[in-house]
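Trainee: Could you walk me through this structure? I'd like to ask about it bit by bit.

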Amino acid sequence: MQYPVATIGTLATIAIAFIVDRIGAAIIRRRAPTDQQRYGWRGNLAILIALLTALITMFFWARLLEYKGTFFGLIGAGFALAMRDPLLSVAGRLSIWAGHMYRVGDRIEFNGMIGDVVSIGFFYTRMLEIGKWIPADQATGRLVQFPNASVYQSPIFNYTQNFSFIWDEIQLPVTYSSNVLSATEILVAVGEEYTQKFVEPAQSEIQKMRSSFLLPDLTLKPVVYTRVTSNYVELTMRYLVDARHRRDANSWIYWHMLQRLQPHDDITIGSGTMNVTLFEGEVPPSGPETTTVNADSGNSAPGRPSFA
């Protein structure tokens, strides 16, 4: 054997790394309280073992060379040039880990894709897609894979990191003749009933975030805003919801809101309408005195019956 120390040292390092990996995996299985933490700890251990194994192996072989600096320089330059994209993905993996960009189980939006992260490898991140042809925040069944190097090129929106809630809005249009005050009170009551279990945990998470971030004042209780349109009065309720249950919350609130609105004869749900003026007999001749008015834009065109 020409290089017994380097060869035996390399084999011993790989064997020890394999043993440490097996022992670490067994300890993690027993100690990790959740699947998400188990996966995260397992990934961190794999990164640490791989880095240490590579460094120790390079040390064994580099000590045989007379010009170590030249050796590492040439090897590093050639390796970086040939493996640019994979190395960038590995660097991206380290950035994801060290920068706490996201972890397995987080819901993220990246490059127009939204999904729940199910795997973070050395080269790729995989997530279960939500949305697309489904008009809600629910899974499509497709797995989306993108290289870790992409984190240097596009912003990442994290729905669940540090704060596991988001704000959503629902609209209730009512006619001008409706009792707007009663409709507002019903919306607020339903919203408070739904969000009461979220307010305290959300407040606790915000307090933890304030130790790391400068946050503005945030309103956690439901708030109803009023807007007048050309057809109805639009009531918009802003409320807090778990990031993964937006569709469930939307359905629950609408269902209970409609149940409470039914007994109220003084509240009518509004819609886009148009009043049409009809002329008996012959249609008036076209001219500037007879116009058609578009109810939305207010533009008019001569020569047809008028619409108000």
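Trainee: How many nonpolar, polar and charged residues does the lining of the largest pocket have?

Mentor: Before we start, this is a predicted model, where local features need pLDDT of at least 70, side-chain atom pairs count only at pLDDT 80 or more, and totals for chains, interfaces and linings use all residues. Residues are numbered from 1 along each chain as its sequence is written, and side-chain values use heavy atoms, with hydrogens and water left out. For the classes, Ala, Val, Leu, Ile, Met, Phe, Trp, Tyr, Cys and Pro count as nonpolar, Asp, Glu, Lys and Arg as charged, and the others, Gly among them, as polar. Sorted that way, the lining has eight nonpolar, ten polar and six charged residues.

Trainee: What volume does the largest pocket have?

Mentor: On a 1 Å grid over the protein atoms alone, a pocket is an open set of points where a 1.4 Å probe fits, with protein on both sides within 12 Å along at least five of seven lines, and lining residues have an atom within 4 Å of a point. Grid points are joined across faces, edges and corners, and a volume is the space filled by probe spheres set on the points. For the largest pocket that comes to about 600 Å³.

Trainee: Which residues are closest to the centre of that pocket?

Mentor: The lining has 24 residues in total. The closest to the centre are Gln36, Tyr102, Arg103, Val104 and Asp106.

Trainee: Which helix gives the most to the lining of the largest pocket?

Mentor: Helices here are DSSP runs of H or I with at least four residues, strands are runs of E with at least two, and both are numbered from the N terminus. Both α2 (35-62) and α4 (84-98) supply at least two lining residues each. The top contributor, with six residues, is α2.

Trainee: Now the rings. Is the pair of phenylalanine 110 and phenylalanine 146 stacked or edge-to-face?

Mentor: A search of the whole structure finds six aromatic pairs. Rings of Phe, Tyr and Trp (its six-membered ring) pair if their centres lie within 6.5 Å; planes under 30 degrees apart count as stacked, over 60 as edge-to-face and the rest as tilted. Here the centres are 4.6 Å apart and the planes are at 25°, so phenylalanine 110 and phenylalanine 146 are stacked.

Trainee: How many residues apart in sequence are the parts that this pair ties together?

Mentor: Phenylalanine 110 counts as buried at 1% relative accessibility, and phenylalanine 146 is buried at 4% (buried means under 20% relative accessible area, exposed over 50%, partly exposed in between, with a 1.4 Å probe and protein chains only). Phenylalanine 110 lies in strand β1 (residues 107-110) and phenylalanine 146 in strand β4 (residues 139-147), so the pair ties together parts whose separation in sequence is 36 residues.

Trainee: What is the angle between the ring planes of tyrosine 194 and phenylalanine 198?

Mentor: Both residues lie in helix α5 (residues 180-210), four residues apart, about one turn of the helix. Both are buried as well. Their centres are 5.4 Å apart and the pair is edge-to-face, with the planes at 70°.

Trainee: Which residue has its charged end over the ring of tyrosine 194?

Mentor: A charge sits over a ring if NZ of Lys or CZ of Arg is within 6 Å of the ring centre and within 35 degrees of the ring normal. Tyrosine 194 is also one of the rings in a cluster with Phe163, Phe165, Trp167, Phe198 and Trp252. The charged end over its ring, 5.7 Å from the centre, belongs to lysine 197.

Trainee: Where does the largest share of the largest nonpolar core come from?

Mentor: A nonpolar core is a set of buried Ala, Val, Leu, Ile, Met, Phe, Trp, Tyr and Cys residues joined through side-chain atoms within 4.5 Å. This one has 30 residues, and those with the most contacts inside it are Leu172 and Leu187. At least two residues each come from β6 (165-174), α5, β8 (233-242) and α6 (246-261). The largest share, nine residues, comes from α5.

Trainee: Is asparagine 111 buried or exposed?

Mentor: Asparagine 111 is found in the loop between β1 and β2 (113-120). It has a positive phi of about 55° although it is not a glycine. With a relative accessible area of 53%, asparagine 111 is exposed.
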